[in-house]
Amino acid sequence: TNKKMASSEIFLYNINEYATIDHCPTATCEAVCNLVCRKLKVQPIVELLFGLRPCGSRNFVAPCQPLVAKQKYEFRIRYKLPDVTKLKDLDKELFKYYFSQVKHDLLENKIPHLQYEEHSRKIMGLVLTDMYLEMVQNKVSPQELMGRYKRYVPKVIMKKYTMLFVKRAIKKELDMIEKFDHDPFYIIQSYISEISNIAPEYLTEEYSASTPYLRERDQTPKRNSCPVTLRISPYHADQPGLRVHYAYKNMWHNITIENMSGIEMHNLEVRIITQNEREKFVLTFKDRDSMESFVSCLSGYYRLMVKWSVNLCAGYPSPSLQELEKMRCHGPIGKEFAYKKIQLNSNESGSFLVRTSEEQYDVYFIDIAFQKDDFRTFTVTYRDGKFYLLNANGETAFANLLDAAKSINVPSEKHVRLTLSEYDKSSKLLLCRCSPERADLTLVKEVAEMRQGKALLINAQRELQLDESTEVDREGGVLSRMHGYFIVNEKSKVKVSLNILKPSKRDFNLEAFMHMADKWSSLNSPDLMKMYGFTLYQPIAMVMESTGMGPLNKYLSRVTVTVSALLDIVYSLLKAIVYLQDHNMVHNNIRCASIPWIPQEYHKGLDLSRYDLQTDIWACATTMWEIFSRGASPLSYISCFKNDQPPRLPKPKLCPDQLYDEIMCQGWVERELRFKPQSVLIKLHCIKQKSNIVYTDVETVSTTESQASGISAETEEVSLHQNGDHSIPSSGGSDLSINSDRHNGLVKTPNGLHPTHWLGRSDDGFFPKNIFKEKDYEILYQGQIGCGNYGNVFRGEVHEVNDSTHRLKVAIKVLNIPQNASGMVDFENECKIMKKLNHPNIVQIFDCRTENPNNVEIVMEYVEKSSLDNYLKMREIAKVKTAELLRFAKDIASGMEYLQLQKIVHRDLAARNVLVDRNERLKISDFGLARFVNIDGYYTCRDLDKKVPITWYAPETLSQMIYTVHSDVWSYGVTLYEIFSGGMDPCLLKGEQLSADSLLKLLNDGVRLQRPPYCPRNIYEKLMLPCWAQRKTLRPTFTTILDTIDKLTPEYGEEV
């Protein structure tokens, strides 16, 4: 069947007119560029240099975005090479097209920042060069050229000079150059080189945005944002990369492309994350088109300069890169690089990789090792949905590239595939990368200048004070570690740690030790421990930065650390891994050389793991597990790592679900599927943002938690500085440092208001409820599963005192602040309210036990799955049917309608306080803030000494602390936002933690949460927005809300 095709009018500079390009209606910009490249016979190696720009606009279409019907586009070379004269060596068609584009832009006065008047003589020289090319290429006579000379002269020049003057100048020069005889490519090269001289910023993209004011020392930071001009200029002489101009200070700031590690986006806000700064650079754009163009430009340069297989912004990925990752196929890396990669990785018979052709579309190469250093290449052509492998007998068709590769017979009779990596640094991929140039060297006069910033050669006898009592063996007795002081000068010293090569081990280990010290001395990252220098005699040692607080696992076991701080530690760990892998270094000893930290493929040969970068990814995942287990050792789960299947350690209680599922567990899969450290940095930022629930913190409760059990004496390779920094050592004795800037998280913190997690299942079987009435039962506790405002929640079982055959799974909430009288009153009030409730969408309360004032218990039904917010975050919202989300909205509205009829105000309605049972039915829980309303229908809170989740609060609650059914409706609207956004944090201003006063001002100004990306417009306008009416009496009742849901449901299909 013929699929219906779409077509777009695209202006091509080489023919100077529009061409009609037929394409699939859903084709992305990148796919259409591919079609045009094929039409122009431009080779695949350079197709990523092109982009599409709507005619009349300065913005480009993002590669993953579709084209707009009836919109005309220009096909442009978007990304600039550091040396444009090398274009001819890459692809002659590209070279000629670049010339056509430059010439068009010059004639139409579209080269930004080109001073036409200042360079008028050189521009006239370009006019003559263009005409000369016409004479050489098309054998046109000077007389014919003079007859149409106007088409070669820029409009701005024609306006400045008289026609007679221009004509005479051209005729005089044409008569002279007619005698020359140059190659056309030489003429084009001259033209392009001259443009580069007079317009060095050609292809620089400029945008307008706003950003927070710069922080001034000793001044209160300004709250508003200031306008800035953005220029993307990767090769600027003084400030390469993204240049930012602050008009109010007339100052430029820059971020190099290499220093970027990710881009986050939300609405019109862009956050650029850098390698060496924890804070993000925030920009706000006026429209989506310019924002998408800006982000896609940075992402494109990042792929072409730094890491070809990394999407800098996950929200705007490259479709072609996604397809290659799915096929596990390399880009056009070239045969030489492919052979080198196989040689460095394994160099064994059967090792192979697949790559795309640099010169032909739909052509792939399989490079395979037959024997050590014996490589061969096979050609595969894709057509008609099949892959055809060319061999001695002709062509053989296969369904995929893997099957084609496995059909190649090799002596080892096994095939090991190498997949594309973010560390593939082929020059055929990184077309825009600058060649490293050695700067002019300055003659040093003072020895002190030589020592600045370098690893020092330290005299152990004169410059070190060692504490021999601190010496401990490491690396199986090859090394020892000792603490001491490095004497900097007569008045100061610094605490250091020495990794000492033992005298008895020098004969066999000296060369390896010195090689490792040499590599370590060249590293420079804030996430790695500093190497001050080394000693060559008594002892032979590396002198390292000291870690005063000791091993991180032991620190975590004795000090309560916030989840936010744990996320910071993981972030620093990943940054350290990224830095090492960027420098092609394998740590191989992030914690210890034991089974949980070593990938399964090396269990029978641990030494081989030292040469594989993927080893660190596996070890990183296990270390994350230790971090969120507060230093507990995974050795107790050693059996998990000895199976053939990938291990899956149980999720630590503190670990966010998304981090466990999408990062940690993805480190324990087969090597080619493991996560990429840089790619997950962005995901980690999103996880941290989702993990933060905004509260006004007006109460402090000091509690600590002991989790010292399960610590392994072997896993002492992560250390903590006295100032709160975290560090991990390297293989062989050097140390990596993992730093956290947020030291305020590394303290004993109050056990504040946490989202309740009731994991388990409700038992629908019959159970004699009279035992609760008669208090004739016993509770068997089975572990803590959550915590609320005043109580901890445990899983357990209930049975009759004299008969344990019938058991009921329950959840038990226990008051954890018995000395607080207000807390006790609230807790008993919660029980009284909830025992009276009986509704399928309300968590059922069986009993409230208050016999022991120090151990008050609420016994309630046990709900299996999780809280609604976590349930939503675990699912991909784009794939969830709207009908299912409406069913969730109806369940909550039904429960709230019941509460409304009982004259109960919940006061804390949010997705975190709604549970999902095993039938995916929702149940409202956590009535820690619930109150009966008075006769007027409202309840006023007089106790302000507690934490409250202000993001869900209505304006009247924020201003007067009045809670009504109307304020519950407002909170219901915010809960709807959570449902239809997939569990996103309902922040009114993304990235800003607002105070109650700031939030109230915004709400009074009419600011509301924006429609979530996948929420249908009619649901947002008819169901969500009415809940946020400024006047509370204009908000719908829950009965009206249920009617609205019933009317909307048929539009999206109803499950029957």
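**View 1. Helix α15 lies across four strands of a sheet.** Start with helix α15 (residues 506–521), which lies across β20, β21, β22 (531–536) and β23 (540–545) and runs at about 30 degrees to β23. What you see here and in every view is a predicted model, where local features need pLDDT of at least 70 and side-chain atom pairs count only at pLDDT 80 or more, while totals for chains, interfaces and linings use all residues. Residues are numbered from 1 along each chain as its sequence is written, and side-chain values use heavy atoms, with hydrogens and water left out. Helices (H or I, at least four residues) and strands (E, at least two) are DSSP runs, numbered from the N terminus. Axes are lines fitted to C-alpha atoms, for helices over the stretch in contact, and angles run from 0 to 180 degrees between N-to-C directions. Contact, here and below, means heavy atoms within 4.5 Å.

**View 2. Six strands make up an open sheet with mixed pairing.** Walk across the sheet and you pass β18-β22-β23-β21-β20-β19 in that order. Two strands pair if DSSP finds at least two bridges between them. At the edges are β18 (456–457) and β19 (464–474), each pairing on one side only. Further in, β20 (residues 479–489) and β21 (residues 492–501) pair in the antiparallel sense over ten bridges. To find your place along them, look for Tyr-485, which stands opposite Lys-495 in β21.

**View 3. Strand β6 runs antiparallel to β5 and also to β7.** With β5 (residues 205–212), strand β6 (residues 225–233) shares eight bridges. Tyr-207 faces Leu-230 of β6 across this pairing. Between β6 and β7 (residues 241–246) there are six bridges. There, Ser-233 sits opposite Gly-241 in β7.

**View 4. An open sheet of three antiparallel strands, with helix α24 across two strands.** The strand order is β33-β35-β36. β33 (866–867) and β36 (922–924) are the edge strands with a single partner each, so one side of each has no neighbour in the sheet. Three bridges hold β35 (residues 914–916) and β36 in antiparallel register, and Val-916 stands opposite Leu-922 in β36. Helix α24 (residues 882–901) lies across β35 and β36, at about 35 degrees to β36.

**View 5. Helix α24 also meets helix α29.** The axes of α24 and α29 (residues 1038–1048) come within 9 Å and cross at roughly 160 degrees. That makes α24 roughly antiparallel to α29, a label given to angles over 145 degrees. The crossing is left-handed: the near helix is turned anticlockwise from the far one by less than a right angle, whereas clockwise would be right-handed. Residues of α24 in the contact include Leu-886, Ala-889 and Met-896, and those of α29 include Phe-1038, Ile-1041 and Leu-1042. By class, there are nine nonpolar, three polar and three charged residues. For these classes, Ala, Val, Leu, Ile, Met, Phe, Trp, Tyr, Cys and Pro count as nonpolar, Asp, Glu, Lys and Arg as charged, and the others, Gly among them, as polar.

**View 6. Helices α4 and α8 pack with their axes 9 Å apart.** The angle between α4 (residues 120–138) and α8 (residues 184–198) is about 165 degrees. That makes α4 roughly antiparallel to α8, and their crossing is left-handed. Among the residues in contact are Ile-123, Leu-126 and Leu-133 of α4, with Ile-187, Tyr-191 and Ile-195 of α8. The contact has eleven nonpolar, two polar and three charged residues.

**View 7. Helices α17 and α18 form a right-handed crossing.** Here α17 (residues 563–582) and α18 (residues 614–628) have axes that come within 10 Å and cross at roughly 165 degrees. That makes α17 roughly antiparallel to α18. Leu-566, Val-570 and Ile-577 are among the α17 residues in the contact, and Cys-620, Met-624 and Phe-628 among those of α18. By class the count is 13 nonpolar, two polar and one charged.

**View 8. Confidence along the protein, with an average pLDDT of 79.** pLDDT is the predictor's confidence in each residue, from 0 to 100. A score of at least 70 is reached by 78% of the residues. Among the elements, strand β3 (residues 50–54) has the highest mean (97) and strand β27 (residues 735–738) the lowest (32). Residues 444–451 stay under 50, and the model gives them four contacts beyond four places in sequence. Residues 693–769 are below 50 too, with 282 contacts in the model beyond near neighbours in sequence.

Terms used
Angles under 35 degrees count as roughly parallel, over 145 as roughly antiparallel, 65 to 115 as roughly perpendicular and the rest as oblique.
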